[in-house]
Structure formats: structure tokens, C-alpha cells
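The exercises below concern a predicted model. Work through each task with the sequence and coordinates open, then compare with the solution.

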Amino acid sequence: MNSAVDAAQSFYGRWARLYDPIATFPGVGSWREEAARSLDLSAGDTVIEMGCGTGVNLSYLRERVGAGGTVVGVDFTRGMLDRAATRVVRKGWTNVHLVHGDATAPPVTGPVDAMLSSFVVGMLSDPAKSVEGWLDLVRPGGHIALLDAARSTQSRARPLDAAFRLFVAASTPPATQLRYENPPWELLDERVAAARQPLDDRTVDRLDETFGVGFVRLSSGRVVEPDE
């Protein structure tokens, strides 16, 4: 494993203890629930979450697939997965499985009924390529959803823009710089936009919504079937 990956895993491992309070902040749960709803899951389905973190989305996914379905959470940070595992054991979810692996080279096979990624693509160096790979794992007629944060284009969000940029800088490794040649919030915007391109090309019945004064974006779609 290279030093850059080691550093990233260490960084996000330190964030694991703070992740749950941020991820469950009032209002955030409704965004996550809407993302899960957009996957149009049915009882017995199989769904994968890429970058499951501490597992805050697992309950929304399991609720929709039921005890007869399967939920798989993938994350490359041990600290995050350890907290997710504690959640799974506490809830007694025998059909929720956690896998240590990289979302850019998923250690899972398809086809599956749905794929979810929340607040992940902004961390990937080539998000479009990764999303293409995720789409390859989803069966025709299945669904994919991306939930992400990026700078808002709404005028009423301008007073919050500085706080958002500060949060992005603090949550981007190494989080020690005061000045940036390439600001991480601009890179985040670019990556979130790039990740949507494969959905434009390969899905139909698209849903695009924004929450949190435009700072949070949900995009989902149904993978095109051969006869469409």
C-alpha cells in the first residue's frame, strides 16, 4: 500500500469518532433517507454502499430490503468499519455485511439491485471512472444514487459559503494548509460534477434534488435496460 493511501486511511480513521455526530446532525437523516428511497428497493433486494463510513446509512437500506435482502457496506478505513461493525452487532443485523476495500476497485461482484454512495466521490481522484465501475455492478433496471456536498449556487447560501469552505479544508487531508494553489472546495465541485456524467450517459428516470440551501446534492437513476 502506498504512502498516500496510508495517510488517507490514517486521516479518516481519526475522523471516525467525529463522523457520527456530523453524519446524524439534525436534518441530515432526511437527506440520507431520501437517497435510500430513490433506489426504489424492494424486499429481498441486494444493495451495496460504497464508502459506508460508520454505517449511518445501513438502517435506511436494510429497512427497504428487509430481513430477506442483503446490504453490503464497503469502506477502506478500518476505524470507520470498526464503528460500523459495532452498529451492525448492536442491531443484530445478520444480513448486513461489511467489506474492507477501496471504492475505486470494489472487492465485490455483481449484478446487484442498487448502489449507493454518500459524500464519497469528492474524495476520489477520478470519480467518473469509479462511478462507471459501480454502474457495471448494477443490473439493468437497477438503481444508483449519489449523495454529495458541494458549494451552493443559491444566493441565499452566500453567508454560509465561508463556513463550508472551512469545513471542506478541515475534512481534506492533510488539513494543515492555510493557502492553496488549488483550493479543495473547487476540486470538490469538479469531482461532484464529474461523477454525475456517467449517470447522464447510462441511466434514465433521473432524479436530481438539492438540500441544505443547495449545499447537498442527490442524483439517482435507473440503469438502462438492453431494449431502451
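**Exercise 1. Overall layout**

Which pattern does the protein follow when read along the sequence? Also give the make-up of the secondary structure and the share of buried residues.

Solution.
- Step 1. The secondary structure comes to 7 helices and 7 strands.
- Step 2. Along the sequence, these elements follow the pattern α-α-β-α-β-α-β-β-α-β-α-α-β-β.
- Step 3. The protein has 228 residues, and buried residues make up 47% of them.
- Step 4. Take the contacts with a separation of 6 or more: 72% of them come from residues 24 or more positions apart.

**Exercise 2. The sheet**

Find the order of the strands in the open sheet, and state which strands stand at its edges.

Solution.
- Step 1. The open sheet has 7 strands in the order β3-β2-β1-β4-β5-β7-β6, and the pairing is mixed.
- Step 2. β3 and β6 (203-211) each have a single partner strand, so one side of each is without a neighbour in the sheet. These two strands are the edges.
- Step 3. On average, neighbouring strands are turned by 15° against each other, direction ignored.
- Step 4. Helix α2 (residues 28-37) packs on this sheet and touches β4, β5, β6 and β7. The direction of α2 makes about 175° with that of β6.
- Step 5. Helix α7 lies across β5, β6 and β7 and runs at about 160° to β5.

**Exercise 3. Strand β2 and its partners**

Describe the pairing of β2 on both sides, and the connections of β2 to the paired strands.

Solution.
- Step 1. β1 and β2 run parallel and are joined by 5 bridges. Within this pair, I48 has V72 as its bridge partner in β2.
- Step 2. β2 and strand β3 (residues 96-100) also run parallel, with 5 bridges. Here V72 stands opposite H97, and V74 stands opposite V99.
- Step 3. β1, helix α3 (residues 58-65) and β2 form a right-handed β-α-β unit. From β2 the chain crosses through helix α4 (residues 78-91) to β3, and this crossover is right-handed.
- Step 4. Of the 6 residues of β2, 5 are buried, so the rest of the structure largely encloses the strand.

**Exercise 4. Strand β5 and its partners**

Do the same for β5: is the pairing with β4 parallel or antiparallel, and is the pairing with β7 parallel or antiparallel?

Solution.
- Step 1. Strand β4 (residues 112-118) runs parallel to β5, and 6 bridges join the two. S117 has L146 of β5 as its bridge partner.
- Step 2. Strand β7 (residues 216-223) runs antiparallel to β5, with 7 bridges between them. L147 stands opposite L218 in β7.
- Step 3. β4, helix α5 (residues 127-137) and β5 make a right-handed β-α-β unit.
- Step 4. In β5 (residues 138-149), 9 of the 12 residues are buried, so this strand is largely enclosed by the rest of the structure.

**Exercise 5. Nonpolar cores**

How many residues has the largest nonpolar core, and which of them have the most contacts inside it?

Solution.
- Step 1. The largest core has 24 residues; those with the most contacts inside it are I48, M50, V108, M115, V131, W134 and I144.
- Step 2. Two or more residues each come from β1 (46-50), β2 (70-75), β4, α5, β5 and α7 (184-202).
- Step 3. Apart from this core lies another, of 22 residues, including A35, V47, L61 and L147.
- Step 4. Return to V108: leaving aside neighbours within four places in sequence, V108 is in contact with I48, M50, V72, V74 and L137.

**Exercise 6. A helix pair**

Characterise the packing of α5 and α7.

Solution.
- Step 1. Two packed helices are described by the angle between their axes and the distance between the axes.
- Step 2. The axes of α5 and α7 come within 8 Å and cross at roughly 35°. α5 passes α7 in a right-handed crossing.
- Step 3. α5 makes the contact through P127, A128, V131, E132, L135 and D136, and α7 through R191, A194, A195, P198, L199 and R202.

**Exercise 7. The surroundings of C52**

Where is the place of C52, and is C52 buried or exposed?

Solution.
- Step 1. C52 is in the loop between β1 and α3.
- Step 2. The relative accessible area of C52 is 2%. The cut-off for buried is under 20%, so C52 is buried.
- Step 3. Neighbours within four places in sequence left aside, C52 is in contact with G73, V74, D75, L81 and L98.
- Step 4. C52 and V99 are 47 residues apart in sequence and 9.5 Å apart in space, C-alpha to C-alpha.

Technical notes:
Residues numbered from 1 in each chain as written. Predicted model: local features only at pLDDT ≥ 70, side-chain atom pairs only at ≥ 80, totals over all residues. Heavy atoms only, no water. Buried < 20%, exposed > 50% of the residue type's maximum accessible area, 1.4 Å probe, protein only. Helix = DSSP H or I, 4+ residues; strand = E, 2+ residues; numbered from the N terminus. Pairing = 2+ DSSP bridges. Right-handed = clockwise from strand over helix to strand, strands pointing away. Core = buried A, V, L, I, M, F, W, Y, C linked by side-chain atoms within 4.5 Å. Contact = heavy atoms within 4.5 Å. Axes fitted to C-alpha atoms, helices over the stretch in contact; angles between N-to-C directions. Left-handed = near helix turned anticlockwise from the far one by under 90°.
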